[in-house]
Amino acid sequence: MKKHWTPILVTSLALTACADRPLTYTETGALIGAASGAVIGAVAYKKDRTKGAVVGAVGGGLAGAGVGAYMDAQKRDLEKNLAQEIQAGQARVEKLPGDVVRVTMTNQTAFETDSSTIKPGFNSTMDKLADVVVRYGKTTLTVVGHTDNVGSDAYNQRLSERRALSVAQYLESRRVNGMRLATAGKGEGQPVASNNTESGRQANRRVEIYVEPVVQG
C-alpha cells in the first residue's frame, strides 16, 4: 500500500509533542486545524486510492456552509448511537477544528493487552459506528492505533499499526467503502495519560478514528 498524499481528504492527527509532556486534546485539535488534514505516516487502505477515486466513491464533495452542518449532524448521530459506551467511559466523540470529528475507543472496549484481535464484545460498538459513517458517506476515516510504553518502541509501533488495520478491516466488512479508509499507527509516542499507573496505561491503549469531510475542489 502507498502513503495517501492528498491532504484535504485525509483525517487529521497532530504528530508531535512538547519535549516534556504529551499534547492535550485541545492542543492536538489546534494542530489538526493548522495541518489542513495532513497525516504523516497515514497509509491508504486501498492501494489505488487517489483524490478522484475518493470523490467518486463518496458521490462528490461537500461545499460551503453545508460542511459544518453535515459534520455537526454526524457528530450528534454518533453520540446517539454510542450513548451507552460514552456513558460507561468506553468511548468519546469530539468535534475538533477544521470540521474533524474524533471518536476514541479505549482498550477496555476494543482489544486485549498485547493483541490486535478485536474483542467479540466490541463488535456491537463498531456496528453502531459503522451505521452512522455509512449514512454520512461524504467523509474519509483515518483509524489511528496507540499503545502504552510496555515493550519496545518497535514492537509497540507494529502493534498499533495492526490494531488500526483490524478496525479498518472490520469497518469495510460493515459496508464502509474501503476507498474512504486510511490507517496509521503511533505506537507509544502520543500518550494522553501517565504510563506510570495502570489506569494511565489503559487510557493510552486506544484507537482513534478521525472523520473528515470530503470537500469540493
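Buried means under 20% relative accessible area. The legends below describe a predicted model.

**Figure 1. Overview of the predicted chain.** The chain holds 8 helices and 6 strands. Read from the N terminus, the order of these elements is α-β-α-α-α-β-β-α-α-β-α-β-α-β. Of the 217 residues in the chain, 50% are buried.

**Figure 2. Close-up of helix α7 and its buried residues.** Helix α7 covers residues 153-173. The buried residues of this helix are Asn156, Leu159, Ser160, Arg163, Ala164, Ser166, Val167, Ala168, Tyr170 and Leu171. The 21 residues of α7 should span 30 Å at 1.5 Å a residue, and the end C-alpha atoms, 31 Å apart, agree with that value. Just after α7, arginine 175 takes a positive phi of about 75 degrees.

**Figure 3. Close-up of helix α6, residues 123-135.** The expected span of the 13 residues of α6, at 1.5 Å a residue, is 18 Å, and the end C-alpha atoms are 18 Å apart, in agreement. Thr125, Met126, Leu129, Ala130, Val132 and Val133 are the buried residues of α6. These residues lie on the same side of α6 because they cover an arc of only 165 degrees around the axis. An α-helix has 3.6 residues a turn, so residues three or four places apart point the same way.

**Figure 4. Close-up of the largest pocket.** The volume of the largest pocket is about 160 Å³. The pocket is lined by 12 residues, of which Val43, Glu161, Thr183, Ala184 and Gly185 are the closest to its centre. Two elements, α7 (153-173) and β5 (181-185), give two or more residues to the lining. Helix α7 provides the largest share of the lining, 5 residues. By class, the lining of the largest pocket consists of 4 nonpolar, 4 polar and 4 charged residues.

**Figure 5. Close-up of arginine 205 and aspartate 148.** Arginine 205 sits in the loop between α8 (198-204) and β6 (206-213). The relative accessible area of arginine 205 is 7%, so this residue counts as buried, the cut-off being under 20%. Its side chain makes a polar contact with the side chain of aspartate 148, at 2.6 Å.

**Figure 6. Close-up of threonine 197 and glycine 200.** Threonine 197 is located in the loop between β5 and α8. With a relative accessible area of 38%, threonine 197 is partly exposed. The side chain of threonine 197 reaches the backbone nitrogen of glycine 200 at 3.0 Å.

**Figure 7. Close-up of two loop residues with positive phi, aspartate 99 and arginine 175.** Most residues other than glycine have a negative phi. Aspartate 99, in the loop between β2 (91-96) and β3 (100-106), has a positive phi near 60 degrees. At 24% relative accessibility, aspartate 99 is classed as partly exposed. Arginine 175 is in the loop between α7 and β5, and its phi is near 75 degrees, again a positive value in a residue other than glycine. The relative accessible area of arginine 175 is 66%, so this residue counts as exposed, the cut-off being over 50%.

**Figure 8. Close-up of glutamate 79 and valine 132.** Glutamate 79 belongs to helix α3 (residues 66-81). It is partly exposed, at a relative accessible area of 28%. Valine 132 is one of the buried residues of α6. Along the chain, glutamate 79 and valine 132 are 53 residues apart, while their C-alpha atoms are separated by 9.9 Å.

**Figure 9. Close-up of tyrosine 136 and methionine 71.** Tyrosine 136 is in the loop between α6 and β4 (139-145). Its relative accessible area of 12% makes tyrosine 136 a buried residue. The C-alpha atoms of tyrosine 136 and methionine 71 are separated by 8.5 Å, and the two residues are 65 residues apart along the chain.

Technical notes
Residues are numbered from 1 along each chain as its sequence is written. This is a predicted model: local features need pLDDT of at least 70, side-chain atom pairs count only at pLDDT 80 or more; totals for chains, interfaces and linings use all residues. Side-chain values use heavy atoms; hydrogens and water are left out. Helices (H or I, at least four residues) and strands (E, at least two) are DSSP runs, numbered from the N terminus. The expected span of a helix is 1.5 Å times one less than its number of residues. Buried means under 20% relative accessible area, exposed over 50%, partly exposed in between (1.4 Å probe, protein chains only). The arc is that of the directions from the helix axis to the C-beta atoms. On a 1 Å grid over the protein atoms alone, a cavity is a set of points where a 1.4 Å probe fits but cannot get out, and a pocket is an open set with protein on both sides within 12 Å along at least five of seven lines; lining residues have an atom within 4 Å of a point. Grid points are joined across faces, edges and corners, and a volume is the space filled by probe spheres set on the points. Ala, Val, Leu, Ile, Met, Phe, Trp, Tyr, Cys and Pro count as nonpolar, Asp, Glu, Lys and Arg as charged, and the others, Gly among them, as polar. A polar contact is a pair of N or O atoms within 3.5 Å; within protein, one must be able to donate a hydrogen and the other to accept it, and residues adjacent in sequence count only if both atoms are side-chain atoms.
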